[in-house]
Amino acid sequence: MTKQVKKRADQIMNNTRRRFLKTSLMGSAAIAAGCTSEVSTDEEAKIDTWRPLRILILGGTGFIGPHMVREALRRGHEVELFNRGRTDSNLFPDLKLHVGDRNNGLEALEGKSWDVVVDNSGYVPRHVEDSAKLLAPVVSHYIYISTISVYGDFSKPIDEDTAVGVLDDPTTEEVTGETYGPLKALCEQRVISEVGANSTTVLRPTYICGPGDRTDRYTYWPVRTMRGGEMLWPGAPEDDIQIIDVRDLAIFTIDCLEKKITGVFNTVTPKGSFKMGDLLEDCLAVTDADTMPTWVEAAFLKNQQNISLPIWEDPNGPSAELLTVDGSRAAAAGLKNRPTRETARDTIGWWKNLPAERTATVKAGPSAEREAEVLSLWHDQNH
Ligand SMILES: NC(=O)c1ccc[n+]([C@@H]2O[C@H](COP(=O)([O-])OP(=O)(O)OC[C@H]3O[C@@H](n4cnc5c(N)ncnc54)[C@H](OP(=O)(O)O)[C@@H]3O)[C@@H](O)[C@H]2O)c1
């Protein structure tokens, strides 16, 4: 028995024991009805047939990758990585690393096979096509991490069937704010045409947040709240917002590969379930600060230059639907969103333990000076 099979068998035996105890507590009638022996036979069959999946992650050492790696290992699977060895290269010293660059450097993957590949690092259609072509014959499932930025029009309601954006120049490989979404849409199409829709999962996350986020877009809110004083909150408490906790995305990704869930899925918090006012309450609850929120109307903010307010969108603006994407398909397939309070709590906990040079600058949100200026203009207008 390999180490992973033994670990998984132990997990199943522990579950069986727990269920046995639970059944016993349900009373002798249940035992007399044979519940315990049925559970036991079923679980034993699982031990006989279960084997770890051999997972290749293209990437694995940035933000979402490490959460996926840990979740897969926790469930007893085998994980190998492919990357250039530049980002956090000491993170997983025990994992097999195939070193290469997606830009014409896939040799390290040749002549090998895995059960499933999770592609986190594909931004350029040519790179994704190359990896999908090489891996299609040697994996039975390809999971491509895409984005909700693929959609072409954020002024109308969005589900997975909404049209994706199209590049002005379909030959470009330059990833910019404008090309990122349509390039990812082309990447999705290349995977599906190389691997086949029946063996492909495309996950389209919205803003991914939680411990390890390098963008600080969600992190800005609890961190700024922690600083205290008067704080600018854009729009109104009832404005919709949408995120996906990185741990929920990781769990769903590993569920997809274990259960071979294929198809295209928006991975978001349920539409309409999370509002700016909820975010404020989360931030206040997880920080011990004397912060005084001031809600500043969207119409006023529209006329201010150089004020970045991450994740929020003007509900009457051209991108209003970016934060009300339909995620019901993924929910039906098993995606579960943890309480957003937990995301806020763990984000601030992670932030507090980062080195001072990392926390010296928050990469998103307005500077303290700009925030104070805009607040002052807002107060002037209202007095
Ligand atoms: N952040 C968000 O809010 C958000 C939202 C929606 C979708 N997404 C999607 O999430 C994915 C990004 O996740 P992540 O960066 O956290 O993933 P990750 O798997 O944790 O990290 C990215 C990995 O890619 C490797 N890599 C980068 N360039 C490479 C290259 N040319 N060749 C080979 N390996 C390369 C990096 O290692 P080396 O540098 O060592 O090569 C690193 O291991 C993207 O697909 C993005 O579109 C993100």
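Half of the chain is tucked away: of its 383 residues, 50% count as buried, where buried means under 20% relative accessible area, exposed means over 50% and partly exposed covers what lies in between (1.4 Å probe, protein chains only). The model is a predicted one, in which local features need pLDDT of at least 70 and side-chain atom pairs count only at pLDDT 80 or more, while totals for chains, interfaces and linings use all residues. Residues are numbered from 1 along each chain as its sequence is written, and side-chain values use heavy atoms, with hydrogens and water left out.

The chain has 14 helices and 11 strands, taken as DSSP runs (helices H or I, at least four residues; strands E, at least two) and numbered from the N terminus. Among contacts (heavy atoms within 4.5 Å) between residues at least 6 apart in sequence, 79% join residues at least 24 apart.

Helix H9 (residues 276–286) puts a good list of side chains out of sight: Met276, Gly277, Leu279, Leu280, Asp282, Cys283 and Val286 are buried. What covers the buried residues of H9 includes helix H7 (220–227), strand E8, strand E11 (292–296) and helix H12 (340–352). Pro237, in the loop between E8 (230–234) and strand E9 (244–245), also meets the start of this helix. The C-alpha atoms of Pro237 and Met276 are separated by 4.9 Å, although the two are 39 residues apart along the chain. Leaving aside residues up to four places away in sequence, Pro237 touches Lys275, Met276, Gly277 and Trp295. Pro237 is itself partly exposed, with a relative accessible area of 36%.

Next come the aromatics. The structure holds 7 aromatic pairs, a pair being rings of Phe, Tyr and Trp (its six-membered ring) with centres within 6.5 Å; planes under 30 degrees apart count as stacked, over 60 as edge-to-face and the rest as tilted. The rings of Phe300 and Trp378 have their centres 5.1 Å apart and their planes at 65°, so this pair is edge-to-face. Since Phe300 sits in helix H10 (residues 298–301) and Trp378 in helix H14 (residues 368–381), the pair ties together parts that are 78 residues apart in sequence. Phe300 and Trp378 are both buried. Trp350 and Trp351 also make an edge-to-face pair, because their ring centres are 6.0 Å apart and their planes stand at 65°. Trp350 counts as buried at 19% relative accessibility, and Trp351 counts as buried at 5%. Elsewhere, Tyr220, Trp221, Trp233 and Trp295 form one aromatic cluster; Trp295 from this group is one of the residues that Pro237 touches.

A charge turns up over a ring as well. Lys184 lies over the face of Tyr123, at 4.8 Å from the ring centre; the criterion is NZ of Lys or CZ of Arg within 6 Å of the ring centre and within 35 degrees of the ring normal.

Two glutamates deserve a look. Glu188, in helix H6 (residues 180–195), is buried, with a relative accessible area of 5%. Its contacts, not counting residues up to four places away in sequence, are Tyr144, Ser146, Val150, Val202 and Arg204. Glu321 is placed in the loop between H10 and helix H11 (328–333). Glu321 is buried yet has no salt bridge, and the nearest side chain of opposite charge, Lys271, is 5.0 Å away. For these terms, Lys and Arg count as positive and Asp and Glu as negative, with His and the chain ends not counted; a salt bridge is a side-chain nitrogen of Lys or Arg within 4 Å of a carboxyl oxygen of Asp or Glu. With residues up to four places away in sequence set aside, Glu321 touches Phe154, Ser155, Lys156, Pro157 and Ile158.

As for cysteines, Cys209 counts as buried at 0% relative accessibility, and Cys256 is buried with a relative accessible area of 0%. The disulfide count comes to 0, a disulfide being a pair of cysteine sulfur atoms within 2.5 Å.

Backbone angles round off the picture. Most residues other than glycine have a negative phi. Asp88, not a glycine, has a positive phi of about 40°; this residue is in the loop between strand E2 (78–83) and strand E3 (96–99) and counts as partly exposed at 42% relative accessibility. Asn104 likewise has a positive phi, near 65°. Asn104 belongs to the loop between E3 and strand E4 (116–119) and is exposed, with a relative accessible area of 57%.
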